[in-house]
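Thanks for sending this one over. Below are my notes, set out as numbered points, to read alongside the model.

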Amino acid sequence: MTTRAVHTSETTYTARPPAGGPGASRPGAVGRVLRAAALAATVPYLCLKGAWLAGSRIGIPDGSVLLGPGMFFEVANAVTLVMDSAVIVLVLVFTRSWGIRVPTWLLTVPVFIATGLLVPIVVAFPAQRLMGVAGLGPDAAAEAAKEPFLDPWVFNVVYSGFIVQAIALAGLFVPYARERWGSRWQGVLGERLPSPTGVVAGAAALTAVAVAAVQLFWAFGGTAGLSASQIARFDPQTGAVSATHAICALAAGAGAVKLARGGARRARGALAVAWTGSAAAACWGLWLLIASTGATDPEEAVTIAMVLTYAGQMITGLLAAVVLARFLASRRTA
């Protein structure tokens with residue numbers, strides 16, 4: 001690999017090959033703390049999933065849909081256990097010298113998925129807890145309408161662990177990515193991407209606006225497109241989740257448009273918005289679509305409007321991811 005200068009209309013940045021020496025990706029004191037925090041944060045979730053797969057009912061109340069017939073939740077538990085175990089692998093990749101040599105495609109896919117699944121939790125869960133403290137939780141009627149699912153302590157333990165994982169992974173990934181791919185986001189956005197990419201970015205923006213409009217409508221108490229049971233369970237805390245999905249979709253669309261248009265602004269901000277928004281929209285849209293297939297109670301089944309919204313959310317993220325990939329490919333060094 002050779003070193004070459006990449007020119008834009010406003011500045012020049014030097015593309016450097018990744019450092020792969022013996023000291024690559026060895027964490028300092030802060031990195032070691034983040035590594036320990038990330039690894040420790042996986043323990044509660046992995047223990048719970050392992051216990052459930054072994055037949056334990058810890059944290060699952062009587063009457064929960066999780067105790068119903070069928071293999072859907074067993075498969076879901078196994079898949080999510082593997083997904084959280086992947087966090088341990090990512091931590092090792094980011095903090096071991098051999099991690100710098102992991103193929104790009106093999107690394108970026110799980111990082112993209114981790115970003116997409118964790119970021120909305122980082123935003124929505126603290127907002128929900130603050131709403132609860134402020135007395136904006138579900139009223140008695142909404143609380144009574146809820147079907148048993150999990151004991152409240154499970155959400156507090158698991159989601160708190162997810163937030164720690166997200167913060168620690170971000171703190172470890174940024175220096176790793178700077179060392180390995182720093183040249184990709186140095187300098188300004190540069191020239192406009194080819195017209196086909198602009199069309200994809202425009203499509204991402206349009207679907208993002210449509211999805212965000214629906215999600216914000218639901219976030220502020222709109223009932224069209226929801227079932228009677230879902231309407232009965234609505235409260236400001238569930239509205240916070242819908243609002244978070246709307247924000248992520250808009251971020252994906254806006255980031256895609258900014259990358260496609262180019263310009264004299266620095267690239268890192270637009271890249272961060274496009275990466276985070278596209279990952280969150282694509283991953284949660286897909287996750288919600290998959291989860292909707294597991295509803296066995298007709299009253300719990302999602303409506304057509306919800307399925308279309310989840311699909312639009314996923315499509316928004318995928319379109320924005322295509323623009324993101326095209327932008328990064330245009331800055332690839334020889």
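**Notes on the model**

1. Let me start with R57, which counts as partly exposed because its relative accessibility is 43%. For these classes, buried means under 20% relative accessible area, exposed means over 50%, and partly exposed is in between, with a 1.4 Å probe and protein chains only. R57 sits in the loop between α1 and α2. From C-alpha to C-alpha, R57 and L67 are 8.5 Å apart in space, and they are ten residues apart in sequence.

2. A word on what you are looking at: this is a predicted model, in which local features need pLDDT of at least 70 and side-chain atom pairs count only at pLDDT 80 or more, while totals for chains, interfaces and linings use all residues. Residues are numbered from 1 along each chain as its sequence is written, and side-chain values use heavy atoms, with hydrogens and water left out.

3. Next, the overall layout. The protein has ten helices and four strands. Helices (H or I, at least four residues) and strands (E, at least two) are DSSP runs, numbered from the N terminus. Along the sequence, the pattern reads β-β-α-α-α-α-α-β-α-α-α-β-α-α. Of the 334 residues in the protein, 41% are buried.

4. How many salt bridges does a search of the whole structure find? The search finds one. The term stands for a side-chain nitrogen of Lys or Arg within 4 Å of a carboxyl oxygen of Asp or Glu. R57 comes back here: D62 forms a salt bridge with R57, and the closest N and O atoms are 2.3 Å apart. D62 is exposed, because its relative accessible area is 61%.

5. Now for the inside. A nonpolar core is a set of buried Ala, Val, Leu, Ile, Met, Phe, Trp, Tyr and Cys residues joined through side-chain atoms within 4.5 Å. The largest such core holds 47 residues, and L90, F94, L107, L169 and Y176 touch the most other members. At least two residues of this core come from each of α1 (29-53), α2 (72-95), α3 (104-133), α5 (152-185), α9 (267-292) and α10 (304-330). The largest share, eleven residues, is supplied by α5. There is also a second, separate core of 16 residues, with L189, A201, A252 and A267 among them.

6. On the outside, please look at the nonpolar surface patch of about 590 Å², made by M71, V75, V79, M83, V109, I113 and W287. Patches are made of residues with over 30% relative accessible area and no salt bridge; like charges are joined within 9 Å, and nonpolar side chains (Val, Leu, Ile, Met, Phe, Trp, Tyr) within 5 Å. The accessible areas come from the Shrake-Rupley method with a 1.4 Å probe, and for residues only the protein chains shown count as cover. Two elements, α2 and α3, give two or more residues to the nonpolar patch, and α2 gives the most, with three residues. V109 lies in helix α3 and counts as partly exposed, because its relative accessibility is 47%.

7. There is a charged patch to look at as well. R192, K258, R261 and R265 gather on the surface in a patch of positive charge. Lys and Arg count as positive and Asp and Glu as negative, while His and the chain ends are not counted. The place of a charge is taken as NZ of Lys, CZ of Arg, CG of Asp or CD of Glu. K258 belongs to helix α8 (residues 236-261) and is partly exposed, because its relative accessibility is 30%.

8. Helix α8 also contains G239. Is G239 buried or exposed? G239 is buried, because its relative accessible area is 4%. The C-alpha atoms of G239 and Q128 are separated by 9.2 Å, and these residues are 111 residues apart along the chain.

9. Two further pairs bring together distant parts of the sequence. L117, found in helix α3, is buried because its relative accessible area is 18%. Its C-alpha atom and that of A280 are separated by 6.1 Å, with the two residues 163 residues apart along the chain. V157 lies in helix α5 and counts as partly exposed, because its relative accessibility is 34%. Between the C-alpha atoms of V157 and P44 the separation is 7.2 Å, and the residues are 113 residues apart along the chain.
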